[in-house]
Amino acid sequence: MNRDDVRNSGHPLPSWRPGPTRDAVLGFLADASSIPPEDRVAYFDNDGTLWCERPTYVQYEFFLDALRRRVHGDPALAEEAEFRAVLAGDASAVGEIGLERVALALAGLFRGSALARSRGRSARSSARVPTRPSAVP
């Protein structure tokens with residue numbers, strides 16, 4: 001089946017496999033049609049897909065979960081300023097430290113990991129992220 005066949009199939013989700021997930025989405029859409037358009041709200045990111053940003057961004061939750069797991073294995077990490085601010089949910093401290101520095105520290109959690117390797121990063125590029133976040137300029 002090519003793109004034109006998919007577009008012209010008449011099915012609202014032609015590229016989705018049949019199953020409970022597709023059925024749930026179609027059920028949700030059918031139920032949503034009873035809500036007046038002026039009461040409907042949806043958020044989309046830059047490529048037009050739905051974007052979850054409340055209560056927090058999905059990517060932030062991913063990094064926070066990874067940080068908690070690492071701190072469980074190495075409690076000393078929780079004392080690093082960047083991680084301490086994130087774990088405390090202290091937006092003011094994150095602002096003082098600098099978002100770039102905090103982001104680099106969080107990315108450093110994955111240095112040498114299977115995730116970093118699967119993203120095609122070379123040892124040279126991942127080596128730029130310091131092991132200890134306090135070493136971030």
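Two aromatic rings are treated here as a pair if their centres lie within 6.5 Å, and the pair counts as edge-to-face when the planes are over 60 degrees apart. With that criterion, a search of the whole structure, which is a predicted model, returns 3 aromatic pairs. In one of them, the ring centres of Phe62 and Phe63 are 5.6 Å apart and the planes meet at 75°, so this pair is edge-to-face. Phe62 is partly exposed, with a relative accessible area of 44%, and Phe63 is also partly exposed, at 25%. Phe63 takes part in a further edge-to-face pair, with Phe110, at 5.7 Å centre to centre and 75° between the planes. This second pair links distant parts of the chain, since Phe63 belongs to helix 3 whereas Phe110 sits in the loop between helix 6 and helix 7 (114–118), 47 residues apart. Phe110 itself is buried, with a relative accessibility of 13%. Taken together, ring pairs join Phe62, Phe63 and Phe110 into a cluster.

The setting for these rings is a chain with 8 helices and 0 strands, which reads α-α-α-α-α-α-α-α along the sequence. The protein chain has 137 residues, and buried residues make up 22% of them. Among contacts between residues at least 6 apart in sequence, 32% join residues at least 24 apart.

Attention can now turn to the nonpolar interior. In soluble globular proteins, nonpolar side chains tend to be buried together. Here the largest nonpolar core contains 16 residues, and the ones with the most contacts inside it are Leu67, Phe83, Val86, Leu106 and Leu109. At least two residues of this core come from each of helix 3 (58–73), helix 4 (81–88), helix 5 (91–97) and helix 6 (99–108). The biggest share is that of helix 3, which gives the most to the core with 4 residues. Leu67 offers a convenient viewpoint on this region: apart from its neighbours within four places in sequence, Leu67 is in contact with Phe83, Val86, Leu87, Leu106 and Leu109. A further leucine worth locating is Leu77, found in the loop between helix 3 and helix 4. Leu77 is buried, with a relative accessible area of 4%. Its C-alpha atom is separated by 8.7 Å from that of Leu67, and the two residues are 10 apart along the chain.

Helix packing can be followed through one of the helix pairs. Two packed helices are described by the angle between their axes and the distance between the axes. For helix 4 and helix 6, the axes come within 9 Å and cross at roughly 95°. Because angles of 65 to 115 degrees fall in the perpendicular class, helix 4 is roughly perpendicular to helix 6. On the helix 4 side, the contact is made by Glu82, Phe83 and Val86, and on the helix 6 side by Arg101, Val102, Ala105 and Leu106. Phe83, Val86 and Leu106 are familiar from the core, where they are among the residues with the most contacts.

The helix 4 and helix 6 contact also brings charged residues into view. Side chains of opposite charge can pair when their charged atoms come close. Over the whole structure, 2 salt bridges are found. Glu82 and Arg101 form one of them, with the closest N and O atoms 2.5 Å apart. Glu82 lies in helix 4 and Arg101 in helix 6, so this salt bridge ties together parts that are 19 residues apart in sequence. Glu82 is buried, with a relative accessible area of 0%, whereas Arg101 is partly exposed at 26%.

A salt bridge also joins the side chains of Asp65 and Arg69, with an N to O distance of 2.9 Å. Both residues lie in helix 3, where a spacing of 4 residues amounts to about one turn of the helix. Asp65 counts as partly exposed, at 37% relative accessibility, while Arg69 is exposed, with a relative accessible area of 60%. Helix 3 therefore carries this charged pair and also supplies 4 residues to the largest nonpolar core.

Terms used. Residues numbered from 1 in each chain as written. Predicted model: local features only at pLDDT ≥ 70, side-chain atom pairs only at ≥ 80, totals over all residues. Heavy atoms only, no water. Core = buried A, V, L, I, M, F, W, Y, C linked by side-chain atoms within 4.5 Å. Buried < 20%, exposed > 50% of the residue type's maximum accessible area, 1.4 Å probe, protein only. Contact = heavy atoms within 4.5 Å. Salt bridge = Lys/Arg side-chain N within 4 Å of Asp/Glu carboxyl O. Phe/Tyr/Trp six-rings, centres within 6.5 Å; stacked < 30°, edge-to-face > 60°. Axes fitted to C-alpha atoms, helices over the stretch in contact; angles between N-to-C directions. Parallel < 35°, antiparallel > 145°, perpendicular 65-115°, else oblique.
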